[in-house]
Amino acid sequence: MKLNDAFVFPALAQAFRRSSAGTAMAVAALLMAAPTYADDAPAADSTPLPVALVNALNKLSGGPHAGYRANHAKGVMVTGTFTPAAGARALSKAPQFLRPVPVTVRFSNGTGVPTLPDADPHASPHGMAIRFQLPKGATTDIVGISANGFPVATPEDFLALLQAIAASGPDAAKPTPVEQFLGSHPAALKFVTTPRPAPESFATLAFYGVNAFKFTNAKGASSYIRYQILPAAGEHGLSDEAAAKAAPDYLMDELPARVAKVPVKFKLLAQLAKEGDKVDDPTAVWPETNRVVELGTISLTKAVTDQAAEQKRILFNPVSLPAGIEPSADPVLAMRFPAYAVSFGQRAP
Ligand code: HEM
């Protein structure tokens with residue numbers, strides 16, 4: 001039997017939308033085992049796409065690094081509260097938009113390198129993953145990055161980009177594979193050439209959900225949205241001179257110290273799609289003039305005590321969603337949880 005990625009992975013994402021970490025282990029095991037079902041497929045095609053993506057991320061970071069994520073390996077976790085804004089429930093009936101709920105947030109550096117200095121250009125885009133604790137032990141997550149948009153529109157192109165980067169070492173013939181990829185993918189070229197100065201603090205960085213979601217309110221009215229998570233302290237970056245002198249862990253050390261003194265706040269916003277905006281392509285950034293609705297305020301007040309153990313244990317899932325929020329048909333969104341589950345399998349005991 002041939003495993004058909006296009007069919008299997010959106011279905012998997014759907015099936016595991018409300019998954020726990022335990023289920024993730026099962027998904028990871030299933031995906032690792034998948035080549036045995038693909039006997040009639042050519043060897044090059046037999047690695048399931050989420051596994052190939054994690055392998056490619058590992059290769060770029062010199063990993064796998066035992067106990068760490070294949071991407072966004074270095075991070076820091078804090079806790080606090082999300083308080084919904086009055087207008088949020090007009091868009092979605094999800095429970096976090098009805099009353100305040102506790103949140104756990106993990107900020108991170110890009111790449112799978114656990115020791116990457118925080119001011120290294122490869123640490124950007126940074127990550128912000130938010131877990132909302134809902135009534136009756138349920139949870140839902142938002143997993144965003146400090147970039148408005150993604151370099152590619154499909155997971156297949158993401159794999160091609162990662163593999164092109166890996167094949168473009170100092171000895172690669174010109175034009176290198178990554179130069180060729182960027183030459184034929186304008187969104188990827190724009191993404192890698194957008195300046196992203198090292199932030200002053202995680203508290204002064206804006207984050208974006210990138211993938212679209214479908215919100216539905218109690219009356220059954222639906223709209224497509226993308227999350228924006230904007231710092232109340234404003235966006236502030238370091239100068240190149242300051243970044244060159246920054247301590248390797250300056251971001252990871254600064255946040256716990258800051259939250260101990262003063263709550264770190266972010267506004268959670270929903271940018272609404274207009275008629276004709278693409279909702280299934282994370283490279284298609286919507287116009288700034290689109291309507292933006294305030295969903296609420298994230299207030300972070302405490303660092304997590306056992307950082308190493310908690311970061312290892314928690315698995316964020318952007319398609320773990322309550323009634324009132326559904327995934328869009330974005331194929332990048334559908335591939336995220338299967339890939340995260342494979343990466344989780346790599347760090348789980
Ligand atoms: C096909 C596309 C993607 C792939 C293959 C991918 C892959 C990964 C992997 C393997 C991890 C580690 C997960 C874990 O071990 O728990 C990860 C984490 C992460 N990804 Fe992605 N990713 C993709 C798209 C995105 C997008 C579109 C965003 C932003 C909107 C994003 C933001 C993040 C963040 C913030 C984390 C860290 C989460 C945490 O703190 O645990 N990723 N990604």
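# Exercises on the ligand shell, core and helices

Helix α10 gives the largest share of the shell around the ligand, seven residues. Here a residue belongs near the ligand if its C-beta atom, placed from the backbone, lies within 6 Å of it. Helices (H or I, at least four residues) and strands (E, at least two) are DSSP runs, numbered from the N terminus.

This is a predicted model, in which local features need pLDDT of at least 70 and side-chain atom pairs count only at pLDDT 80 or more, while totals for chains, interfaces and linings use all residues. Residues are numbered from 1 along each chain as its sequence is written.

**Exercise 1.** Describe the shell around the ligand by its residues, elements and residue classes.

Solution. Step one: the shell has 31 residues, and Arg69, His72, Gly127, Val210 and Ser343 come nearest to the ligand. Step two: two or more residues each come from α3 (49–60), β2 (101–108), β3 (127–133), β4 (139–145), α4 (155–166) and α10 (331–347). Step three: sort the shell residues by class, which gives 19 nonpolar, nine polar and three charged. In this sorting Ala, Val, Leu, Ile, Met, Phe, Trp, Tyr, Cys and Pro count as nonpolar, Asp, Glu, Lys and Arg as charged, and the others, Gly among them, as polar.

**Exercise 2.** Decide whether Val210 is buried or exposed, and find what is notable about its phi.

Solution. Step one: place Val210 in the loop between β5 (207–208) and β6 (213–216). Step two: apply the cut-offs, by which a residue is buried if 20 or more other C-beta atoms lie within 10 Å of its own, exposed if 12 or fewer, and partly exposed in between, with C-beta atoms placed from the backbone. Val210 is buried because 22 other C-beta atoms lie within 10 Å. Step three: phi of Val210 is near 70 degrees, a positive value in a residue other than glycine. Most residues other than glycine have a negative phi.

**Exercise 3.** Classify Ala187 and Ala309 by burial.

Solution. Step one: Ala187 lies in helix α6 (residues 186–193), and Ala309 in helix α9 (residues 307–313). Step two: Ala187 has 19 other C-beta atoms within 10 Å and is therefore partly exposed. Ala309 has 10 C-beta neighbours inside 10 Å, so Ala309 counts as exposed. Step three: look for partners of Ala187. Leaving aside residues up to four places away in sequence, Ala187 touches Pro151, Val152 and Thr283; contact means that the two C-beta atoms, placed from the backbone, lie within 7 Å.

**Exercise 4.** Describe how α4 packs with helix α5 (residues 177–184).

Solution. Step one: the angle is about 145 degrees and the axes are 7 Å apart. Axes are lines fitted to C-alpha atoms, for helices over the stretch in contact, and angles run from 0 to 180 degrees between N-to-C directions. Step two: Ala160, Leu161, Ala164 and Ile165 of α4 meet Pro177, Val178 and Phe181 of α5. Step three: this contact has seven nonpolar residues, no polar and no charged.

**Exercise 5.** Find the size of the largest nonpolar core and the residues with the most contacts inside it.

Solution. Step one: a nonpolar core is a set of buried Ala, Val, Leu, Ile, Met, Phe, Trp, Tyr and Cys residues joined through C-beta atoms within 7 Å. Step two: the largest has 77 residues, with Leu53, Val105, Ile130 and Leu255 having the most contacts inside it. The largest share of this core, 10 residues, comes from α10.
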